[in-house]
Amino acid sequence: MADDFFRYVLPHKAEDHHDVVFFPYWRFKGMLFFCGPSGISNRFVDVSHQAVVTPYFPISVGVRSQAMKLRFPSTDMAGRFLKPRLPFKEVAANFEKRFGKSLPKPILHQAHIGESLSLIYSPFYLKDKLYDAILNKPVSATPSEVFNIDDFDAESPHWHIHFVSTLCPNCGWDLEGQRDTLVLICKNCDSSWYPVGKKLKPLKYAQIPGHGDNTIYLPFWRIRADISGIDLKSYADLIRIANLPKTVQKGWTDVPFRFWIPAFKLRPKIFLRLASHITVSQPRKELIPELPAGRIHPSTLPVKEAIESMAITLAQFMKPRKTLMERFNNIHIDAKSFTLVFIPFNEEHHEFIQHDFQIAINKNVMALSKNL
Ligand SMILES: [Zn+2]
């Protein structure tokens, strides 16, 4: 879970003479996976919760986080920004409890994946009562004398929104990256960069070469990990653990096992299916350490999140299911190194198809995933 987060403001329509108060809400957006004895359940969530415990303000922003355009706070925004008092950790525990409630017990493992944490300020103002400044309607019947707005700590909206430099640290050329992408590419010196804090770090990347005019390259995090509690070091081990209908060939014990996790956001079910499918396929063709010349789908899922999803991916393909429960608790996975690999898919009428690994992704599903 990121400890760095964005702050957003919901725009309001209050008249100028009202003193607007911005009340903070923690927002969690992402995929939740729960692994139980009978399989994996998932949810896509976009939820919010008060960052200050109080009975006077609404408990969450409801559907506004999805339905309204969010803005970054700026110093010219008039109003009081109330300071969050409740740490996100406590709110997160609450969310988990809520989503875990409906699931069969025991829960062996859970993961939240997706760039997910932010603070949303929702606007209010005080008259005879507390008013919602978006609807210009009272929040409740409680008269405003009952609570004192000065009991809440305020802060000014001088938060740094630092945008990482977009010049290539290597050659000074303009870096390219689609909107929302995490990976920036220099087409001049053929390098690739990844923001870590305020700096850009070089990223190891490679491609599996594609052919044909309709190729689109989808990015995957290929991750090498130390795995204990289960024998999963090689391709031969994978065949046993996933119970693949294949005979282990000579040399396969020397082919190191790696996770292949999508580096872009998808609906949770499809994300897990794709991670599991490509990981089980273990692409073994020689990789070319060059950027593809063709179209590249933006990388929007940080490697940190991909690492978080390794255990759930493993749970997805381990067979037989019956033994999962006793074996899974002892498994530890420790990521060691990663490379961003671009895998070619053929764009067809309704789907992106990867013929070598026999998997198709519906184009609508990809398009809809942009907003996740
Ligand atoms: Zn460059």
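These are my notebook entries on a predicted model of one protein chain.

**Entry 1: the whole chain**

I began with confidence, since the model is predicted. The mean pLDDT of the chain is 87, and 95% of the residues score at least 70. I then looked up the two extremes among the elements. Helix α7, residues 324-328, has the lowest mean pLDDT, at 75. Strand β15, residues 259-262, has the highest, at 98. I made a note for later reading: where pLDDT is low, the predicted coordinates should not be read in detail.

Next I looked up the overall make-up. The chain has eight helices and 19 strands. Its C-alpha trace spans about 80 × 55 × 40 Å along the principal axes. Of its 372 residues, 33% count as buried. I also checked contacts with a separation of 6 or more along the chain: 71% of them join residues 24 or more positions apart.

**Entry 2: two domains**

Which residues does the domain assignment give to each domain? Domain 1 covers 6-155 and domain 2 covers 204-371. I looked up the spacing of their C-alpha centres, which is 35 Å. The two domains do touch: 15 residues of domain 1 are in contact with 18 residues of domain 2.

I then asked which strands supply the side of domain 1 that touches domain 2. Strands β2 (20-36), β3 (39-50) and β5 (109-113) each supply at least two residues. Strand β3 gives the most, with five residues. By type, the residues on this side of domain 1 are nine nonpolar, four polar and two charged.

**Entry 3: a sheet of three strands**

I looked at the sheet made by β10, β11 and β12. It is open, its strands run in the order β10-β11-β12, and the pairing is antiparallel. The edge strands are β10 (184-186) and β12 (199-202), each of which pairs on one side only. Neighbouring strands here are turned by 35° against each other on average, ignoring direction. As a reminder to myself, strands of a sheet pair through backbone hydrogen bonds, either parallel or antiparallel.

I followed one pair further. Strand β11, residues 191-196, pairs with β12 over four bridges in the antiparallel sense. How does Y194 fit in, that is, which residue of β12 is its bridge partner? The partner is K201.

**Entry 4: two residues of domain 1**

I picked F28 and P143 to look up one by one.

F28 lies in strand β2. Is F28 buried or exposed? It is buried, because 23 other C-beta atoms lie within 10 Å and the cut-off for buried is 20 or more. I also looked up the distance from F28 to A92. These residues are 64 apart along the chain, and their C-alpha atoms are separated by 7.8 Å.

P143 lies in strand β8, residues 137-143. Why does P143 count as exposed? P143 has 11 C-beta neighbours inside 10 Å, and a residue is exposed if the count is 12 or fewer. Leaving aside its neighbours within four places in sequence, P143 is in contact with D128 and K129. Last, I looked up P143 against M310, which is 167 residues away along the chain; their C-alpha atoms are separated by 52 Å.

Conventions:
Residues numbered from 1 in each chain as written. Predicted model: local features only at pLDDT ≥ 70, side-chain atom pairs only at ≥ 80, totals over all residues. Pairing = 2+ DSSP bridges. Axes fitted to C-alpha atoms, helices over the stretch in contact; angles between N-to-C directions. Domains from an automatic or database assignment. Contact = placed C-beta atoms within 7 Å. Nonpolar A, V, L, I, M, F, W, Y, C, P; charged D, E, K, R; others polar. pLDDT = per-residue confidence, 0-100.
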